[in-house]
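Me: I've got a structure open on my screen and I'd like to talk it through. Can you help me pick out the interesting bits?

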Protein chains: 2
Amino acid sequence: MNCPVGQSRTDQHSSDKLFFSYQQMEPVSLPPLSRVAICGGTHGNEMSGVYMVKELQKQKADQTGSVSVTTVLTNPRAVDACRRYIEIDLNRCFTDALLSAPVTDSTPYELRRARELNAQLGPKGSPEAVDLLCDIHNTTANMGMCLIFYSLDWITLHIYKYIKSKMTSTPVRAIQLDIPNSEAYSLESVGKHGFAIEVGPQPNGVVRADIFNMVREAVDLTKEWLQAFNSGNTFAGGEVEAYTLVRSVDYPRDPTTSDITAAIHPQLQDNDFKLLRPGNPTFLSFSGETVKHEGDELYPFFVNECAYYEKKIAFHLARKITLTFPSVSVKKD
Amino acid sequence: MNCPVGQSRTDQHSSDKLFFSYQQMEPVSLPPLSRVAICGGTHGNEMSGVYMVKELQKQKADQTGSVSVTTVLTNPRAVDACRRYIEIDLNRCFTDALLSAPVTDSTPYELRRARELNAQLGPKGSPEAVDLLCDIHNTTANMGMCLIFYSLDWITLHIYKYIKSKMTSTPVRAIQLDIPNSEAYSLESVGKHGFAIEVGPQPNGVVRADIFNMVREAVDLTKEWLQAFNSGNTFAGGEVEAYTLVRSVDYPRDPTTSDITAAIHPQLQDNDFKLLRPGNPTFLSFSGETVKHEGDELYPFFVNECAYYEKKIAFHLARKITLTFPSVSVKKD
């Protein structure tokens with residue numbers, strides 16, 4: 001999320017850095033990760049996060065060994081209404097520009113709430129920010145368990161590798177959004193490190209036990225890793241595959257009404273992360289015609305996500321990349 | 001929906017009538033079924049009906065042989081907002097009492113809309129009502145294709161038998177709600193005959209091509225049957241299995257907050273219509289405890305339906321019954 005001290009994002013993104021072997025990378029020492037925030041309800045109708053946070057608050061597990069855990073139901077009004085948001089999407093409010101814009105009488109609820117959260121868990125980019133911010137989401141797309149994060153961040157990559165090695169109930173994947181931290185719009189960008197847990201398929205407004213248990217496992221494994229890190233364990237470097245956004249595809253729409261005129265094709269539906277080749281079906285129109293994929297071979301994800309109809313996104317397309325990271329251990333005083 | 005002329009509901013419900021053989025039943029002649037309404041968007045976030053109706057309106061297929069088809073997007077404000085309803089659930093507004101209650105300034109939008117629909121497609125119980133009203137719904141529960149109707153109605157049962165014999169893409173089932181027509185609360189009760197098409201699983205706010213195509217097939221088969229009936233075909237009597245509601249089960253809840261404290265158990269989730277025996281798991285609490293079914297062996301349905309959280313229903317329980325119906329043909333002038 002935020003880059004480790006002494007590493008610039010640009011350096012990390014240059015191709016020679018991306019593809020050199022992790023054996024050549026210098027081990028990295030980082031400060032302890034003692035203040036962690038687990039958040040849910042950023043989208044008020046994504047129930048895994050809502051009930052996970054409520055359950056953690058009930059257990060009053062504020063301190064797990066070396067890790068102090070803050071739990072936050074981030075958009076309480078949207079949770080009460082069981083809607084994604086009240087006025088605007090809270091999870092698009094955390095850019096530097098939006099967090100510093102003047103507040104007026106017409107400032108939407110979610111922008112005000114973003115500032116409160118930034119004061120409580122950040123400020124973003126400051127030494128006071130929580131060490132790790134984990135925000136729980138779910139999707140109607142068949143995405144299994146995904147960790148979504150911005151630029152390269154050794155801590156997030158190590159946690160991802162750990163969760164992937166331990167979870168067997170669903171595929172675990174990483175999605176990297178290539179956006180500078182100042183423009184990173186979602187809540188997890190407020191922490192020094194951070195990621196979103198995105199899990200599906202689960203309808204909005206519904207909690208499924210299988211999906212809830214995946215989230216619980218990912219949260220438990222994250223805390224487990226943080227404890228081991230703080231205790232002085234060294235985690236060997238390595239490499240992981242990740243998906244990085246190339247472009248988004250909208251539904252076919254009626255030019256007059258803007259209504260969608262097709263659904264995701266049955267051969268694409270539920271096939272997130274299955275390589276889409278030119279000529280593969282993407283949409284089936286309501287009158288029965290098939291639309292086919294054109295262009296490069298790419299990996300679809302967020303296929304038929306409910307909340308993206310209004311954002312004019314039927315699915316995202318990604319390419320697969322390899323991310324290389326050094327061994328890490330806690331910095332001794 | 002409404003009983004055929006000369007048949008009283010009570011008679012049809014008495015057990016000796018229900019269980020005598022259909023071979024003993026007198027053939028029934030009924031007037032032609034020439035005016036049909038296909039409705040969607042009664043719940044504004046159930047997209048199969050919304051897009052089915054829009055597609056039918058685009059095709060301008062107002063007349064199919066002997067059948068004149070009226071298509072209605074029944075709750076346009078809820079469709080625009082992509083919400084189940086604006087003020088109250090429209091599909092609970094069609095009892096005789098609610099349709100005849102005085103309108104005041106504080107009458108909710110949906111009650112006003114119910115009267116408009118009753119004027120357009122009914123009035124309920126009158127000779128002016130459409131001959132058949134088919135209202136399209138979808139559910140987050142794994143219910144496949146269901147036809148839901150109130151009291152015994154030979155026409156609906158014949159259409160159900162026809163659809164079941166032709167559809168192979170998903171199980172087709174019948175659900176009978178044992179409520180007198182005057183107290184029948186949903187839109188289809190406005191027609192002389194009527195049923196709801198309920199299909200799932202599909203998240204609210206999402207349209208899936210597979211689910212959409214099931215709805216299209218059921219609508220096409222209904223029109224096909226009506227044409228054949230009006231043309232003078234005789235349809236042999238028979239018997240079908242149906243599910244009838246026994247009781248509903250709520251989620252375990254926190255006595256203080258009323259928050260749910262458990263999700264549907266993974267062994268019950270997606271297993272609608274699979275016999276639930278005493279001791280079978282029904283809920284898995286967020287802290288990991290299993291709750292088990294107590295009482296009779298019954299069939300669960302509407303398991304984890306999104307809209308029923310607020311109605312305090314985790315699932316319904318049904319018993320299976322056999323419905324017997326006579327041969328039918330059109331009444332000659």
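Me: Let's start with P201(B). Which loop of chain B does it lie in?
Reply: Keep in mind that this is a predicted model. The peptide bond running from G200(B) to P201(B) is cis, and its omega is near 10 degrees. To place P201(B), look in chain B for the loop between β8 (193–200) and α8.

Me: And what is omega for the cis peptide bond that joins G122(B) and P123(B)?
Reply: In general, most peptide bonds are trans, so a cis one is worth a look. P123(B) sits in the loop between α6 (109–121) and β5 (132–138) of chain B. The bond joining G122(B) to P123(B) is cis, with an omega of about -5 degrees.

Me: Over in chain A, what is phi of F302(A) near?
Reply: Most residues other than glycine have a negative phi. F302(A), found in the loop between β13 (299–301) and β14 (315–325) of chain A, isn't a glycine, yet its phi is positive. The value is near 50 degrees.

Me: Now for how the chains meet. How big is the area buried between chain A and chain B?
Reply: People often give the size of an interface as the accessible area lost when the parts come together. Here the contact takes 33 residues from chain A and 33 residues from chain B. Carbon and sulfur atoms give 57% of the buried area, and that area is about 2,600 Å².

Me: Which residue of chain A forms a salt bridge with D259(B)?
Reply: Over all chains the count is 22 salt bridges. This pair crosses between chains: D259(B) is in the loop between β9 (238–249) and β10 (262–264) of chain B, and its partner is in helix α3 of chain A. Between chain A and chain B the count is 4 salt bridges. In this one the closest N and O atoms are 2.9 Å apart, and the partner is K54(A).

Me: How many charged residues are on the side of chain A that touches chain B?
Reply: Between the two chains there are 10 residue pairs in polar contact. On chain A's side, α3 (47–59), α8 (209–230), β10 (262–264) and β11 each supply at least two residues. By class, that side has 14 nonpolar residues, 10 polar ones and, for charged, 9.

Me: What about empty space inside? Which element gives the most to the lining of the largest cavity?
Reply: A probe the size of a water molecule, rolled over the atoms, shows where empty space is left. The count is 1 cavity of 30 Å³ or more, and the largest has a volume of about 30 Å³. Its lining includes L284(A) and S285(A) along with F212(B) and R216(B), while β11 (281–285) of chain A and α8 (209–230) of chain B each supply at least two lining residues. With 4 residues, the top contributor is α8(B).

Me: Last one: how many nonpolar residues are in that lining of the largest cavity?
Reply: Among the lining residues are A263(A), F286(A), A209(B) and N213(B). Sorted by class, the lining has 1 charged and 2 polar residues, and its nonpolar count is 5.

Key: Residues are numbered from 1 along each chain as its sequence is written. Chains are lettered from A and ligands numbered from 1 in the order in which they are written. This is a predicted model: local features need pLDDT of at least 70, side-chain atom pairs count only at pLDDT 80 or more; totals for chains, interfaces and linings use all residues. Side-chain values use heavy atoms; hydrogens and water are left out. On a 1 Å grid over the protein atoms alone, a cavity is a set of points where a 1.4 Å probe fits but cannot get out, and a pocket is an open set with protein on both sides within 12 Å along at least five of seven lines; lining residues have an atom within 4 Å of a point. Grid points are joined across faces, edges and corners, and a volume is the space filled by probe spheres set on the points. Ala, Val, Leu, Ile, Met, Phe, Trp, Tyr, Cys and Pro count as nonpolar, Asp, Glu, Lys and Arg as charged, and the others, Gly among them, as polar. Contact means heavy atoms within 4.5 Å. Buried area is the accessible area (1.4 Å probe) that two parts lose on being put together, summed over both. A salt bridge is a side-chain nitrogen of Lys or Arg within 4 Å of a carboxyl oxygen of Asp or Glu. A polar contact is a pair of N or O atoms within 3.5 Å; within protein, one must be able to donate a hydrogen and the other to accept it, and residues adjacent in sequence count only if both atoms are side-chain atoms.
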